[in-house]
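Q: Please take a close look at the salt bridges here. Then place them in their surroundings, strand by strand. Short sentences would help me.

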Amino acid sequence: MILRSIVSVALLGGAMASPLLAQERPLLGVELNSDENRRGLSWSGGRLSPSADIFASQGPIEASGRIVALRDSARHGGADVVGDLSLGASTLVGPVTLRGRVTGHLFGGAGFDADYVELGGSAAYTLGPVQVDAGADYAPSQSAIGGDNLYLHAGAQTGIPGTPWTVLAGIGRSTGTTDDPARAARLRPGGEYTDWRLGVEHITGPVTLGLDYVGTDVSERAASIYPLADARHAGDRIVGRVRFGF
């Protein structure tokens with residue numbers, strides 16, 4: 001009920017903003033990942049995952065949507081697909097870009113009501129080819145995720161001057177309270193954990209090629225207690241991706 005109410009508000013806000021958003025050409029993209037990996041956890045069970053996305057903005061208002069194939073995801077109760085819908089705003093404070101958003105994660109084909117909502121905020125600073133950022137995403141207590149969830153993260157990326165290459169790095173920490181350990185294992189297998197990412201991108205025109213090393217300190221033994229933890233897909237791996245934007 002909480003999720004439906006918040007998502008309804010976000011969708012209503014998006015509908016009210018649509019006359020403004022229509023004034024600017026939306027950015028569209030399609031992507032193919034060797035694994036849909038978020039916060040170091042596989043959402044597609046280590047299988048190939050195609051996706052499509054759209055982003056539009058007008059002034060400070062930003063709206064986006066992404067739909068991703070999950071391939072009968074064990075982490076999300078057998079879900080075949082997830083749609084991520086976001087509505088937010090951004091502003092500049094000196095050299096720092098601040099962003100806030102609300103995101104609904106809507107699952108299709110799950111064996112239970114898997115939908116949940118998150119609130120997020122971030123700050124980014126750019127100096128020449130280097131950008132650093134930090135932020136937090138908070139999912140209020142919801143039965144679908146067995147409690148609440150807080151994700152703190154920081155990252156950096158830099159383009160290599162004179163080349164189409166960009167190097168990226170990031171780290172995050174997931175914590176929260178637990179009401180239902182079996183459901184909480186979806187986002188926090190084995191309890192609190194840290195994840196990290198090292199990657200490289202090659203951008204030529206509309207095509208982006210990426211290769212990431214992602215990992216976590218999730219204990220497979222602890223995570224294996226609950227099926228939704230999908231313990232086999234919560235560890236280190238290499239993820240490849242190709243994206244076409246237009």
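A: Start with a cut-off. A residue counts as buried under 20% relative accessible area, as exposed over 50%, and as partly exposed in between. By that cut-off, glutamate 118 is buried, because its relative accessible area is 6%. Keep in mind that this is a predicted model.

Now the salt bridges. The rule asks for a side-chain nitrogen of Lys or Arg within 4 Å of a carboxyl oxygen of Asp or Glu. The count under this rule is 14.

Take glutamate 118 again. Its side chain meets that of arginine 39 in a salt bridge, with N and O 3.0 Å apart. Where do the two sit in the chain? Arginine 39 is in the loop between E2 and strand E3 (41-42), while glutamate 118 is in strand E8. The pair therefore ties together parts that are 79 residues apart in sequence. Arginine 39 is partly exposed, with a relative accessible area of 22%. So this pair joins a partly exposed arginine to a buried glutamate.

Next, arginine 66 and glutamate 36. They form a salt bridge whose closest N and O atoms are 3.0 Å apart. Arginine 66 belongs to strand E5, and glutamate 36 to the loop between E1 and strand E2 (37-38). They are 30 residues apart, and the pair links distant parts of the chain. Arginine 66 counts as partly exposed, at 21% relative accessibility. Glutamate 36 counts as buried, at 4%.

Look at one more pair, glutamate 31 with arginine 243. Their side chains meet in a salt bridge of 3.8 Å, N to O. Glutamate 31 is in strand E1, arginine 243 is in strand E14, and these positions lie 212 residues apart in the numbering. Is glutamate 31 buried or exposed? It is buried, with a relative accessible area of 16%. Arginine 243 is partly exposed, at 26%.

Strands E1 and E14 come up again in a nonpolar surface patch. Val30, Leu32, Leu48, Val207, Leu209, Val242, Phe244 and Phe246 make this patch, with an area of about 620 Å². Strand E1 (27-33), strand E13 (207-216) and strand E14 (237-245) each give two or more residues to the patch. One of the patch residues is leucine 32, which lies in strand E1. Leucine 32 is partly exposed, with a relative accessible area of 35%.

Strand E5, the home of arginine 66, has a backbone detail to check. Arginine 71 is also found in strand E5. Its phi is near 60°, a positive value in a residue other than glycine. Aspartate 72, in strand E5 too, has a positive phi of about 60° and is likewise not a glycine. Arginine 71 counts as partly exposed, at 37% relative accessibility.

Now go inside. The largest nonpolar core has 13 residues. Those with the most contacts in this core are Trp43, Leu70, Val82, Phe107, Tyr116, Ile145 and Leu187. Strand E5 (61-73) and strand E6 (79-93) are the elements that give two or more residues to the core. A second, separate core has 8 residues, including Leu41, Ala185, Val218 and Ala229.

What does leucine 187 touch, apart from residues up to four places away in sequence? Its contacts are Leu41, Trp43, Tyr116, Ile145, Asn149 and Tyr193.

Follow the strands from E6 onward. E6 and strand E7 (residues 96-108) run antiparallel and are joined by 13 bridges. They form a hairpin with 2 residues between them. Glycine 94 in the turn has a positive phi of about 65°. Beside the turn, valine 93 has valine 96 in E7 as its bridge partner.

E7 also pairs with strand E8 (residues 116-127). These strands run antiparallel, with 10 bridges between them. Valine 102 stands opposite leucine 119 in E8. That brings you back to the strand of glutamate 118, the buried partner of arginine 39.

Notes
Residues numbered from 1 in each chain as written. Predicted model: local features only at pLDDT ≥ 70, side-chain atom pairs only at ≥ 80, totals over all residues. Heavy atoms only, no water. Core = buried A, V, L, I, M, F, W, Y, C linked by side-chain atoms within 4.5 Å. Buried < 20%, exposed > 50% of the residue type's maximum accessible area, 1.4 Å probe, protein only. Helix = DSSP H or I, 4+ residues; strand = E, 2+ residues; numbered from the N terminus. Contact = heavy atoms within 4.5 Å. Patch = residues over 30% accessible without salt bridge, like charges linked within 9 Å, V, L, I, M, F, W, Y side chains within 5 Å. Areas by Shrake-Rupley, 256 points an atom, 1.4 Å probe, with all protein chains shown as cover. Pairing = 2+ DSSP bridges.
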